[in-house]
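Biologist: I would like a close look at one part of this model, its pockets. Please add the salt bridges as well, with the cut-offs behind each term.

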Amino acid sequence: MDNKIRVRFAPSPTGPLHIGGLRTALFNYLFAKKNNGDFLVRIEDTDQTRYVPGSEKHILDSLAWCGISPDEGPENEGKHGPYRQSERGLVYEKHISMLISNGGAYYAFDTKEELEKERKLCEKEGKTFIYNASNRLRFKNSLSLSSKKTKELIENQNYVVRFKTPEKREITCYDVLKGKVVVDSLVMDDKVLFKADRTPTYHFANVVDDNKMEISHVIRGEEWLPSLALHWLLYDAFGWKKPKFIHLPLILKPTGKGKLSKRDGDKFGFPVFPIMWKNQGKIIEGYKEKGFLAEATVNFLALLGWNPGTDKEIFKLRELEVEFSLKKLNNSGARFDPDKNVWFNQQHIQLLSESVLAKFLEGELTKENVLYDKKKLPSIVRLIRPRIRLLSEIFSLSFYFFEPPKTYNEKALKKLTDQKTDLFLTKIVALFSDLKVFNSKNIQNTLENSAKDSSLVFGKVLGLIRLAIIGELSGADLFQTIELIGKKNSVKRIKDLASFLK
């Protein structure tokens, strides 16, 4: 193994990619790019009973949406493939034989019923059942049986292969963030490495693959920290050089204790998947469908557990590739903040070109079957851009440029209308109709002068006109909006409000 940085993201295809998994992939990717290393994707699908169709595609599509491109993986094979564990059976067969030969593992023939009986006996005595050095010679395995009996059982009975955990020993492991991690072998069980169906368990396949794929750094979630001692011992048992281990801090719920889950998304109304997940007729929208940009999603995830060491908060993926460092990872959990994530998205939308936003708006208008003048779209986008928090809001923030209001805000009507309103609206219709040059500057001057002559409060004047044009008291700059809507349509909308009030 050379000194090249090689990292991997190794998800199990048991469902959609959670936002926490995406962060793990992102940190691995950024670390590889920063150090001119390789980023691998490996699908850990040894447990076929938990396999969910469509899951692998969702994982790979989510990474692609975020711009996280693997150097090696199921869709771009390298020399360390295959990159699906279900296709690596011969590798595991070879290595389990090696481990049994060197005394690091043994055959176990205990049935489920026999083990369950032992478990219940322990529970009666208030103990936890652990199968390890303290009791393994009482069980039916190749350590307690003769070689002749063992051979006979291998040929005639189902068996598993268990790891031979050292007896009465403190296992000292190291993690880049946590430092020294010490585990007593007495609390560790002899994990099953090979199941009765001749497939490896997660722990065995994971360690073998990381070694065979020359992984230099294992960057994974903190929930895998309890597995570190076993993996450490497996490297020792094979006599292999260990990678550096980095267990990332948890992503915490928006409020309260515990790590972020799908239930929190349902409770607080935010997505927990990067892109849409479809399964058995059920559709769950992801960040993409909710109107988030991939750049913004990557940005807020990067700052969950990593700190650039400056006040800078807005990063594009290429900037993160330059800035990222393991030294700047936090050791404690990072609080998930849905409102701040929307703020990140709004900042990234402000960085988009008018042409990109105009094209997106055009797509939404086409979807809604709304007629539009393509030449006006860049100007409309320029006016509404500061108000766009999510791309999904772009139509609701701009519809009044293309269609007159169907309703008027009742509270605003009560506040702004009186017995003089009809006369005032009639006057505005005349003023607008007489304007030779219908632009925002002339519209503003005309309305200001009209308010002075009529002794009306200018704010009230603007409120009434805004209600006529938009139907609400919110919206983009009024005078520029009126200019874009045009004289004919603006006059009609003011007449429509007058008719409505009558």
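Modeller: What follows takes the pockets, then the salt bridges, and ends with one strand pair.

The model is predicted, so local features need pLDDT of at least 70 and side-chain atom pairs count only at pLDDT 80 or more, while totals for chains, interfaces and linings use all residues. Residues are numbered from 1 along each chain as its sequence is written, and side-chain values use heavy atoms, with hydrogens and water left out.

The largest pocket holds about 970 Å³ of space. A pocket here is an open set of points on a 1 Å grid over the protein atoms alone, with protein on both sides within 12 Å along at least five of seven lines; a 1.4 Å probe fits at the points, and lining residues have an atom within 4 Å of a point. Its volume is the space filled by probe spheres set on the points, which are joined across faces, edges and corners. The lining of the largest pocket comprises 38 residues, and P11, S12, G21, E223 and W224 are the ones nearest the centre. At least two lining residues come from each of β1, α1 (19–34), α6 and β8 (217–221); such helices (H or I, at least four residues) and strands (E, at least two) are DSSP runs, numbered from the N terminus. Helix α1 gives the largest share, four residues. Sorted by class, the lining has 16 nonpolar, 12 polar and 10 charged residues. Nonpolar covers Ala, Val, Leu, Ile, Met, Phe, Trp, Tyr, Cys and Pro; charged covers Asp, Glu, Lys and Arg; the others, Gly among them, are polar.

The second largest pocket has a volume of about 350 Å³. Its lining has 13 residues, with D110, K112, V160, K195 and A196 nearest the centre. Two or more of the lining residues come from each of α4 (112–124) and β4 (160–163). By class, this second lining divides into seven nonpolar, two polar and four charged residues.

Two elements that line the largest pocket, β1 and α6, are also joined by a salt bridge between R8 and D210. A salt bridge is a side-chain nitrogen of Lys or Arg within 4 Å of a carboxyl oxygen of Asp or Glu; the closest N and O atoms of D210 and R8 are 3.0 Å apart. D210 sits in helix α6 (residues 202–212) and R8 in strand β1 (residues 6–9), 202 residues apart in the chain. D210 is buried at 2% relative accessible area, and R8 is buried at 4%. Buried means under 20% relative accessible area, exposed over 50%, and partly exposed in between (1.4 Å probe, protein chains only).

The structure has 35 salt bridges. One of them joins D496 to K492, at 3.2 Å from N to O. Both residues belong to helix α19 (residues 487–501), four residues apart, about one turn of the helix. D496 is partly exposed at 28%, as is K492 at 48%. Elsewhere, salt bridges with shared partners connect R8, R42, E44, R88, D209 and D210 in one network. K290 and E285 also form a salt bridge, at 3.4 Å; K290 is partly exposed at 35% and E285 at 36%.

Last, the strand pair. Strands β5 (residues 170–175) and β6 (residues 179–184) run antiparallel and are joined by six bridges, where pairing takes at least two bridges found by DSSP. The two strands form a hairpin with three residues between them, and Y174 stands opposite K180 in β6.
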